[in-house]
Amino acid sequence: DHHFDAARLHRLLQGALGRRGAAAQPAADELMHRVDVLQARDWEGYTKCISRLEALVPERPARLVLIDSIAAPAFSFGGGIVARQQALAHQAAMLKALATRHNLAVLVTNRTAGADAEAGNMLGVAWAHCVNVRLALRAAASGEARRPSTAEPRRVGTVRVTKAHHAAEAAFDFVISGEGVV
């Protein structure tokens, strides 16, 4: 939906810092000044954002680049499936090079489950082979979510490592609460 909620991120940072016993308010404010948000609504805007990263990362050293989501701008790409696959492979190569040059992690989200399964087909085999590590997140069915009556509403799910050259396939449960992912 092209919406970044800075206030929500600030609350998550305060909660995480509070759990660590750190002074949440000043530290969260300081960390928020280290967040840059680049937004694009289409493929052309997305490629401009990726190019901007090449200049931005050396200016403001990063440890994580988060792209949410690769499918959204890819849906707007024109020129057919072969050209789209080539463009996605080129972007993946640029992101890998950025990560290697600046010793940072790049996390790219891609909604591919359920009714949005077309995204997986659209991104295709070329994209599937470009990634180094693939994590699949699955929300628990409504009956699986354990919600103690005294606790705030929580969403429960499973993250599964489906591709990693350095690790075997594995799965872990997670909980999403007002304080973030646990």
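Of the 182 residues of the protein, 29% count as buried in this predicted model. The accessible surface comes to about 11900 Å². Carbon and sulfur atoms account for 55% of that surface. Six helices and six strands make up the secondary structure. Read from the N terminus, the elements follow the order α-α-α-β-α-α-β-α-β-β-β-β. The contacts in the protein with a separation of 6 or more were also examined by their distance in sequence. Residues 24 or more positions apart supply 56% of them.

The interior was examined next. The largest nonpolar core holds 24 residues. Within this core, Trp43, Tyr46, Leu88 and Trp127 touch the most other members. Several elements contribute to the core, each with at least two residues: helix 3, strand 1 (64-68), helix 5 and helix 6 (118-130).

Trp43 merits a description of its own. This residue lies in helix 3. Its relative accessibility is 10%, so Trp43 counts as buried, the cut-off for that class being under 20%. With residues up to four places away in sequence set aside, the contacts of Trp43 are Pro73, Ala74, Ser76, Phe77, Ala87, Leu88 and Gln91. Leu88 is thus a contact of Trp43 and is also listed with Trp43 among the core residues that touch the most other members. Ser76, another contact of Trp43, is 33 residues away along the chain. The C-alpha atoms of Trp43 and Ser76 are nevertheless separated by 5.9 Å.

Charged pairs were then considered. A search of the whole structure finds four salt bridges. One of them joins Arg60 and Asp36, with the closest N and O atoms 2.6 Å apart. Arg60 lies in the loop between helix 3 and strand 1, and Asp36 lies in the loop between helix 2 and helix 3, so this pair ties together parts that are 24 residues apart in sequence. Both partners fall in the intermediate class of accessibility, which covers values from 20% to 50%. Arg60 is partly exposed at 32% relative accessibility. Asp36 is partly exposed as well, with a relative accessible area of 40%.

A further salt bridge is formed by Glu54 and Arg101. Here the closest N and O atoms are 2.7 Å apart. The pair links distant parts of the chain, with Glu54 in helix 3 and Arg101 in helix 5. The two residues are 47 residues apart. Glu54 has a relative accessible area of 28% and is therefore partly exposed.

Glu169 and Arg160 also form a salt bridge. Their closest N and O atoms are 3.2 Å apart. The partners fall in separate accessibility classes: Glu169 is exposed, with a relative accessible area of 56%, whereas Arg160 counts as partly exposed at 36% relative accessibility.

Arg160 has a sequence neighbourhood that includes strand 4 (residues 155-164), where Thr158 is also placed. The side chain of Thr158 makes a polar contact of 3.1 Å with the side chain of Asp173. Leaving out residues up to four places away in sequence, Thr158 touches Ala136, Leu137, Arg138, Ala171, Phe172, Asp173 and Phe174. Asp173 therefore appears both in the side-chain polar contact and in the list of residues that Thr158 touches.The surface and the loops complete the description. Phe4, Val35 and Val37 form a nonpolar patch on the surface. Together, these residues have about 210 Å² of accessible area. Val35 is found in the loop between helix 2 (24-32) and helix 3 (43-59). At 33% relative accessibility, Val35 counts as partly exposed. Asp36 lies in the loop between helix 2 and helix 3 as well.

Asn103 occupies the loop between helix 5 (80-102) and strand 2 (105-109). Its phi is near 50°, a positive value in a residue other than glycine. Asn103 counts as exposed, at 63% relative accessibility.

Notes: Residues numbered from 1 in each chain as written. Predicted model: local features only at pLDDT ≥ 70, side-chain atom pairs only at ≥ 80, totals over all residues. Heavy atoms only, no water. Patch = residues over 30% accessible without salt bridge, like charges linked within 9 Å, V, L, I, M, F, W, Y side chains within 5 Å. Areas by Shrake-Rupley, 256 points an atom, 1.4 Å probe, with all protein chains shown as cover. Salt bridge = Lys/Arg side-chain N within 4 Å of Asp/Glu carboxyl O. Helix = DSSP H or I, 4+ residues; strand = E, 2+ residues; numbered from the N terminus. Buried < 20%, exposed > 50% of the residue type's maximum accessible area, 1.4 Å probe, protein only. Polar contact = N/O pair within 3.5 Å; in protein donor to acceptor, adjacent residues only side chain to side chain. Contact = heavy atoms within 4.5 Å. Core = buried A, V, L, I, M, F, W, Y, C linked by side-chain atoms within 4.5 Å.
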